[in-house]
Amino acid sequence: MLIDLGIPVDMINWFEDDDRNYMYAPIDDESRETLNDLKRIRDSAKKNEDFEALRALKKDMRLIFEIGKEIWKLKRELRFSVAKEDYLRAMELRNRLKKLEAKRDTFDALYETSRYEKMVNL
């Protein structure tokens, strides 16, 4: 018996390896930009059959995706904390955000993404 849930079959595994995750998932814009750059690097590695690079990219892209989701969530929570004038919580969230952003930025440096180029040229 087949039940129609109104969900396209190809979207059931939404958080699996699918480039649509990076386009539509709730992640921050900077992480999305990093992931888009890594997609281009990944496509080049596929073309050149650089399987070691592909393996590393897959792992790193998943990690950046998770970081981006957490940054997005913390930014929303930070705005809410500021609106409630809970500044102690806002400071805690800001510090967590900075650590996550720094971690993501290390991947930009490692792969020399467009975000890294912008940071270097400042």
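How much of the contacts in the protein with a separation of 6 or more comes from residues 24 or more positions apart? The share is 56%, where a contact means heavy atoms within 4.5 Å.

Before you click around: this is a predicted model, with local features needing pLDDT of at least 70 and side-chain atom pairs counting only at pLDDT 80 or more, while totals for chains, interfaces and linings use all residues. Residues are numbered from 1 along each chain as its sequence is written, and side-chain values use heavy atoms, leaving out hydrogens and water.

Start with the whole protein as a cartoon. You'll find five helices and zero strands, running α-α-α-α-α from the N terminus (helices are DSSP runs of H or I, at least four residues; strands are runs of E, at least two).

Now switch on the surface. About 8700 Å² is accessible (Shrake-Rupley, 1.4 Å probe), and carbon and sulfur atoms hold 55% of that. Of the 122 residues, 29% are buried (under 20% relative accessible area, 1.4 Å probe, protein chains only).

Next, select residues 29-47, helix H2, and residues 87-111, helix H4. Their axes, lines fitted to C-alpha atoms over the stretch in contact, come within 11 Å and cross at roughly 30°. The two helices are therefore roughly parallel (an angle under 35 degrees between N-to-C directions).

Finally, show side chains where they touch. From H2, pick Glu30, Ser31, Thr34, Leu38 and Ile41; they meet Arg104, Asp108 and Tyr111 of H4. That contact set splits into three nonpolar, two polar and three charged residues.

Definitions and conventions:
Axes are lines fitted to C-alpha atoms, for helices over the stretch in contact, and angles run from 0 to 180 degrees between N-to-C directions. Angles under 35 degrees count as roughly parallel, over 145 as roughly antiparallel, 65 to 115 as roughly perpendicular and the rest as oblique. Ala, Val, Leu, Ile, Met, Phe, Trp, Tyr, Cys and Pro count as nonpolar, Asp, Glu, Lys and Arg as charged, and the others, Gly among them, as polar. Buried means under 20% relative accessible area, exposed over 50%, partly exposed in between (1.4 Å probe, protein chains only).
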